[in-house]
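Welcome! Here is a short tour of a protein structure, written for someone who is just starting out. Keep the picture beside you as you read.

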Amino acid sequence: MIVGLFGEDSHLTLALQSDLKEKGFDSCRSDQPLTQEQSQHLVFRKRQAPSDWKSLREAGMLLVWVGEPVESAVSFDLVLAPAQSEGEALEKLSRLVRRKLAGPPRPSWDEYFMRIAQVASMRSNCIKRKVGAVVVKDRRIVSTGYNGTPRGTRNCNEGGCPRCSGLADSGTRLDECLCSHAEENAITQAAYHGTSVKDGCLYSTFSPCLMCAKMIINSGIAEVVFNVGYPLNDSTFRLFEEAGITIREYRLKHP
Ligand SMILES: [Zn+2]
Ligand SMILES: [Zn+2]
């Protein structure tokens, strides 16, 4: 990361700069072009407030003003008045640096697995809805699946499924559909590799249909988490409930 120290030279600026140096930051003069390759961590010094602060921030710079607070168009991450104690200023800056280095908050387990299911859905070759699923045991992925025509047959998007190509209405002519569902494929993929899904948790980008629900129950999966609810799912939910399987919705915040 790059820390930009802006403002006139002062005792405080020098203290901040040498503290960052001790922490492994390299110094960089304001007349040098900024490149991330120079070092992982850089201190950038300039007396004037930066006019190109937006692009500097985009490049990952932390903008710090050292000096009396002034009316400025720049939105600094931190303003350090020279009057404040050196210890306090150092602590403020290192707290900010630590927070920035820690990065954004990590995704929860639900978000993590649902996002992976979402990526799996991108592999779908079905011209209808694209669905992805992952089966997880002890927070470890044991299988993944996405919907499409069976292994070794023509892909749905290459005309492999007459029902999908005929653009049938949702829920009609299902018996003619050659596309396997994502949940079905996640389970049969595990079988293909001789892996048990018993007591596992299945994450799916859509709530399962009745056929997949039956397969999920009999494969021994204990929990189902879905991102978006399928329109015709009342009997599916009832069946899961009767079979003692937990089913819950987990909506991704940024789909
Ligand atoms: Zn299809
Ligand atoms: Zn299904």
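Once its neighbours within four places in sequence are set aside, Leu80 is in contact with Leu12, Val64, Val66, Ala89 and Lys92. Keep in mind as you explore that this is a predicted model. Leu80 belongs to strand β5, which covers residues 78–80.

**Leu80 and its surroundings**

- Is Leu80 buried or exposed? Leu80 has 24 other C-beta atoms within 10 Å, so this residue is buried.
- Leu80 and Leu202 are separated by 122 residues in sequence, and their C-alpha atoms are 51 Å apart in space.

**Where α1 meets α3**

- Helix α1 spans residues 11–22 and helix α3 spans residues 86–102; the two pack at an angle of about 45°, with their axes 10 Å apart.
- Because of that angle, α1 and α3 are oblique to each other.
- The handedness of the α1 and α3 crossing is right-handed.
- Which residues meet here, in α1 and in α3? On the α1 side they are Leu12, Ala15, Leu16 and Asp19, and on the α3 side they are Glu86, Ala89, Leu90 and Leu93.
- Sorted by class, the contact of α1 with α3 has six nonpolar residues, two charged ones and no polar ones.
- Two of these names are familiar, as Leu12 and Ala89 are also among the contacts of Leu80.

**The nonpolar cores**

- The largest nonpolar core has 28 residues, and the members that touch the most others are Ala133, Val134, Val135, Ala186, Leu202 and Tyr203.
- Which helices and strands each supply at least two residues of this core? They are α4 (109–121), β6 (132–137), α6 (182–192), β8 (201–206), α7 and β9 (223–228).
- A second, separate core has 22 residues, including Val3, Leu12, Leu16 and Val97.
- Back in the largest core, take a look at Leu202: leaving out neighbours within four places in sequence, Leu202 is in contact with Ala133, Val135, Glu183, Ala186, Ile216, Ile221 and Val224.

**Where α6 meets α7**

- The axes of α6 and α7 are 9 Å apart, and the helices pack at an angle of about 30°.
- Angles under 35 degrees count as roughly parallel, and that makes α6 roughly parallel to α7.
- The two helices, α6 and α7, make a left-handed crossing.
- Glu183, Glu184 and Ile187 of α6 make the contact with Cys212, Met215, Ile216 and Ser219 of α7.
- How many residues of each class does the contact of α6 with α7 have? There are four nonpolar residues, two charged residues and one polar residue.

**Where α7 meets α8**

- Helix α7 (residues 210–219) also meets helix α8 (residues 234–243): their axes come within 9 Å and cross at roughly 10°.
- With that crossing angle, α7 and α8 are therefore roughly parallel to each other.
- In this pair, α7 passes α8 in a right-handed crossing.
- From α7, the residues Leu210, Ala213 and Ile217 meet Ser235, Thr236, Leu239, Phe240 and Ala243 of α8.
- The contact of α7 with α8 has six nonpolar residues, two polar residues and no charged residues.

**Two residues with positive phi**

- Arg139 is a residue other than glycine, yet its phi is positive, near 60°.
- Where is Arg139 found? Arg139 sits in the loop between β6 and β7 (140–146).
- Arg139 counts as exposed because it has 9 C-beta neighbours inside 10 Å, and the cut-off for exposed is 12 or fewer.
- Asp199 is not a glycine either, and its phi is positive at about 65°.
- The loop between α6 and β8 is where Asp199 lies.
- Why is Asp199 exposed? Asp199 has 11 other C-beta atoms within 10 Å, so it is exposed.
- Not counting residues up to four places away in sequence, Asp199 touches Lys137, Gly220 and Ala222.
- Asp199 and Ser143 are 56 residues apart in sequence and 13 Å apart in space, taken from C-alpha to C-alpha.

Definitions and conventions:
Residues numbered from 1 in each chain as written. Chains lettered and ligands numbered in written order. Predicted model: local features only at pLDDT ≥ 70, side-chain atom pairs only at ≥ 80, totals over all residues. Axes fitted to C-alpha atoms, helices over the stretch in contact; angles between N-to-C directions. Helix = DSSP H or I, 4+ residues; strand = E, 2+ residues; numbered from the N terminus. Parallel < 35°, antiparallel > 145°, perpendicular 65-115°, else oblique. Left-handed = near helix turned anticlockwise from the far one by under 90°. Contact = placed C-beta atoms within 7 Å. Nonpolar A, V, L, I, M, F, W, Y, C, P; charged D, E, K, R; others polar. Core = buried A, V, L, I, M, F, W, Y, C linked by C-beta atoms within 7 Å. Buried ≥ 20, exposed ≤ 12 C-beta atoms within 10 Å, placed from the backbone.
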